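Work through the exercises below with the structure open beside you, and try each task before you read its solution.

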Amino acid sequence: MVFWVLAALLTFGASIAVLGPFLRTDERRAAGAEHDLTVYRDQLIELEQEVRRGMISQSDAAEARAEIGRRILRLKEGGTTEDGQPQKLSGIAVKVFALVMVLAVPVVSWGLYAFLGSPELQSAPLAARLTQDPAQASMEELIVRAERHLAANPDDVRGWETLGPIYLRLGRYQDAVAAYRRAIEFGGSTPEREAALGEALVGEKGGLVTAEAEAAFLRALAVDNASPRARFFIAVARAQEGRNEEAGAIWEEMAAGLPENSPWRGAAEQALVNLANLRREGSALSEGTKGGIPEEELAAVENMTQEERQEMIEAMVASLDTRLRENPADLKGWQRLLRSYVVLGRTNEAEKVLARAVAALGDQSQEARELVQFATGLGISEEER
Amino acid sequence: MSVELGHFALVLALALALVQSFAPLVGARLGHSALMRMGEPAAITVFGLTAAAFAALTFAYVQSDFSVLNVWENSHSAKPLLFKITGTWGNHEGSMLLWVLILALFGALVAAFGRNLPPTLRANVLAVQGLIATAFLLFILLTSNPFTRLVPPPIEGRDLNPILQDIGLAIHPPLLYLGYVGFSISFSFAVAALIDGRVDAAWARWVRPWTLAAWAFLTGGIAMGSYWAYYELGWGGFWFWDPVENASFLPWLSGTALLHSAIVMEKRSALKIWTVLLAILTFSLSLLGTFLVRSGVLTSVHAFATDPSRGVFILAILVFFIGGALALFALRAAALTPGGLFHPISREGALVLNNLLLTTAAATVLVGTLYPLLVEALTGEKISVGAPFFNLTFIPLFLPLLAAVPFGPLLAWKRGDLLAATQRLQVAFALSAICSLAGYLLIDRASALSAIGMALGLWLVLGAVTDLALKAGIGKVAPRMALRRLVGLPLSMFGTALAHAGLGLTVLGIVCVTTLEVERILVMRPGETVEIADYHLRFDNMGPFTGPNYTEDRAAFTLFSGGVVRGEIISSKRLYTARGMPTTEAGIRTIGLSQLYVSIGDNVSDDGLVVRVWWKPMVTLIWLGAVVMMVGGAVSLMDRRLRVGVPAPRRAATATAGKSAR
């Protein structure tokens, strides 16, 4: 409401301002030639003043005076040919035009604002949003509030421990790592904090258990050898090293030993299922992707950021794709390429690859049928032809 | 609410700008004084409302109001207050609002101080200003609205481009815009004169100071931009012939020409038609610059966001104003009365030469800037026209201009004596030749070009000094008398001398740094020392540092000369966390007029660091010269006298008739 009052006042003020010249009757008018003459007269006065101050020599002043005189003469010559008075128009037409001009102010402004503006929206300065009732605040706002509090009081261990899991859940791993580091710095090392730091580090590296993360898990296990989080990720680390038996053993132990309601029990069971699947399809996978990457490259992958790793995977997939174009009689190769595209979430491409492969292997061949079956298992069906 | 009030004020400003465009225009046609005078309160109100809108946007930035899309896109709550404020125009929408704000300011100034202008001229000038304001307000509201809201508001902004988080953003754009948009006044006066079909005596009296003010601001804006790029981008260059730089340089060249032809027009009432054309061309080049930078045709730090609809809109504005003004010129120019006569060798003649060379130089730069765009549009091929092209075309045009500068002020109006002027400049010529020869023989014998360039720079400075000395009569009258006469000289003469000397200083700086610069690129480990131009630089250590919204790795260096510690230099690599964007912060130490410039690169191996060190002799003169030029402009502006050029009396030897010129 206040907004509309202010807007109306602004509009009213602006309209009155442009109407001003009509409210005052000031009819002094001078033709252009007269104005020119005024300028020349001013110049003459100025010249005389300069002569008096001694800033210009007498001879120069005489020349300048003559010059101004010439201009005035030229003006007088021209002035006679010029029609001095512009034509007059009827008063009514002018008044209508002026009215249109004044009315244009409210009409254009309110019309356009109705189209462009959002009068119902309040301003939302950040400071005010952060002091409002927490019950009304969004999750994001609460996080920022906590962050500001912690920026001022970095030794508030409880604060960091509250924020850490939230960051983990939101996938803000970098912030989670920082939060747990602070918690350990100010609150000392505990198995829970170390294990959580490890998990954050794993998240930061896109699921890879680095040496740094493993060290954190080991520190947790050194104090509390039952820490399910640390055990779970140690198993992941083993699986990554290809030591599937050791990984499986840890997970089996967890699945059997942990109470029914522990989330880590479910996680371990799921990991076991994945491990079993991996073993079943393993031959194809281990032969290609694992065998294909030399040691140094694998080491390099560990140091990559998520984007870099993604890029590298894409490059590998692309090279496999090219190889299959040159040498299409390779069922296992096609299977690997299909699975890669599905894992990357590019099902469209997977469908195209399937069509290409079927054509390359021979429409009715045994191999083509096998591939289609394999693809169906991945959720990819043959494109309509 | 303040945001929406700002938005409403901007819309209302558009409505008022419409009144400002049409009421005085119609009034002037009908000779109705009240209608004509409607433009004045309208212009002042447009300025007030635009200022209110701008204040509302700035307030939203200061308060980190992320319910405004523009604030969310370009601000962050952790940014220091200064960058929250400057961030207002550190983006496309906000910078266009600043553009219009300055345009409205100039319109309001004409309305407030133009009482002594002939009423029709004033009405027409305000109408043209109003039309420009209308076009750009429409552009802002329809394609680049800074007041677009965001629901629900995010909690944190996306931060300002780190390169722009610098004091440079507080100075460079406002100065540049004051220059760019200041030329709109000359443009409006030119178009108003064409609408009226006559150039009043008051015309030149008004156009010269406005052009001078705009020129001084533009000079400062370009120089600040150049210095900013020099220290921020980390490779120590001061001018790249980048299309965006050219876009600001073009109006400067033609604006300089306009400035000089406006002087002829005011003092001698000659060159009227040419001055009107130049005024139109100068602002057209400003508009072209705005188009090139804002449409996204060019990619650079200045192109904040590209949106084809904006480009088309600005192009339409461009076509309307440039095409309209030139069409009007073609129709009406013949009706303007040509001015006074003068001899080819005269002050006027010298200024015509200046104009010819400057406009040709501007045309060269224009071709070099637009050619790659045309080629890309027609054939899709990307080519780049870089420094080699401009060095080959622009410099040969500019050298004779620079060489001729000291002669101009020494020639008399109407008919001059070149021989006498040459004799008077003998001392300046000899001195600059001796200095540069001594420099060539004693300091560096490698480059004869550098010696010639330095001689040219000195020639400009000494020529300016000679001009003042002659006018004061030094050497002819007693020293005390000469001093009194020097102090009594009109300010405009000091302005001329300062501007010309400033140009000389800039030339000196450019020549020194391009020919005598020393560069070292090497890998350094802590404790290692590099020798450069009589100095030793030791790399001490590398350490982390946390700023308000960035983290950085700082490399500390100690500077020695002759075994004595001369100070510390810090150069760093910054990471702005919100955008995850790295920047390099060069370490610069100014020693006299020269600078030592240290920029760090990547780490190699464990503790090795790529370090680039430049010794930049006399580099600060480039920008100090520009500051001197600006001061010259300001000094000249303070001279409020009416100007009449005193023509030299006819003598027997030059009794031939003068040549007519427009």
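Two strands count as paired if DSSP finds at least two bridges between them. Please keep in mind throughout that this is a predicted model.

**Exercise 1. Find the order of the strands in the open sheet of five strands in chain B, and say which strands stand at its edges.**

Solution. Begin with the order, which in this open sheet of chain B reads β3-β4-β5-β6-β7, with antiparallel pairing. Next, look for strands that pair on one side only: these are β3 (529–532) and β7 (581–585) of chain B, the edge strands. From one strand to the next, the twist averages 25°. Now take a single pair in detail: strand β6 (residues 564–576) of chain B and β7(B) are joined in the antiparallel sense over five bridges. One bridge can be located by residue, since Ser572(B) has Glu585(B) in β7(B) as its bridge partner.

**Exercise 2. Describe the open sheet of four strands in chain B, and explain why one side of each edge strand is left without a neighbour in the sheet.**

Solution. As a reminder, strands of a sheet pair through backbone hydrogen bonds, either parallel or antiparallel. In this sheet of chain B the order is β2-β10-β9-β8, and the pairing is antiparallel. The strands β2 (518–524) and β8 (587–591) of chain B stand at the edges with a single partner strand each, and therefore one side of each has no neighbour in the sheet. Neighbouring strands of this sheet are turned against each other by 15° on average, if direction is ignored. For β2(B), the antiparallel pairing with strand β10 (residues 608–616) of chain B is made by seven bridges, and Glu519(B) has Trp614(B) in β10(B) as its bridge partner.

**Exercise 3. Decide where the buried residues of helix α17(A) lie around its axis, and what they pack against.**

Solution. First, place the helix: α17 of chain A covers residues 347–361 and spans 21 Å from its first C-alpha to its last, close to the 21 Å expected at 1.5 Å a residue. Second, list its buried residues, which are Ala350(A), Val353(A), Leu354(A), Ala357(A), Val358(A) and Leu361(A). Seen down the axis of α17(A), these buried residues fall within an arc of 135°, so they line one face of the helix. The face turned away from that buried side carries the exposed residues Asn348(A) and Ala359(A). Third, look outward from the buried residues of α17(A), which pack against α16 (331–343) and α18 (366–378) of chain A. Just after the helix, Gly362(A) takes a positive phi of about 100°.

**Exercise 4. Is Val177(A) buried or exposed?**

Solution. Locate Val177(A) in helix α8 (residues 173–187) of chain A. A residue is buried if 20 or more other C-beta atoms lie within 10 Å of its own. Val177(A) counts as buried because it has 24 C-beta neighbours inside 10 Å. If its neighbours within four places in sequence are left aside, Val177(A) is in contact with Leu197(A), Ala200(A), Leu201(A) and Glu204(A).

**Exercise 5. Which helix of chain B gives the most to the side that touches chain A?**

Solution. Start from the contacts between the chains, in which 60 residues of chain B meet 59 residues of chain A. On the side of chain B that touches chain A, α1(B) gives the most, with 18 residues. Sorted by class, this side of chain B has 36 nonpolar, 15 polar and nine charged residues.

Terms used. Residues are numbered from 1 along each chain as its sequence is written. Chains are lettered from A and ligands numbered from 1 in the order in which they are written. This is a predicted model: local features need pLDDT of at least 70, side-chain atom pairs count only at pLDDT 80 or more; totals for chains, interfaces and linings use all residues. Helices (H or I, at least four residues) and strands (E, at least two) are DSSP runs, numbered from the N terminus. A residue is buried if 20 or more other C-beta atoms lie within 10 Å of its own, exposed if 12 or fewer, and partly exposed in between; C-beta atoms are placed from the backbone. Two residues are in contact if their C-beta atoms, placed from the backbone, lie within 7 Å. The expected span of a helix is 1.5 Å times one less than its number of residues. The arc is that of the directions from the helix axis to the C-beta atoms. Ala, Val, Leu, Ile, Met, Phe, Trp, Tyr, Cys and Pro count as nonpolar, Asp, Glu, Lys and Arg as charged, and the others, Gly among them, as polar. Axes are lines fitted to C-alpha atoms, for helices over the stretch in contact, and angles run from 0 to 180 degrees between N-to-C directions.
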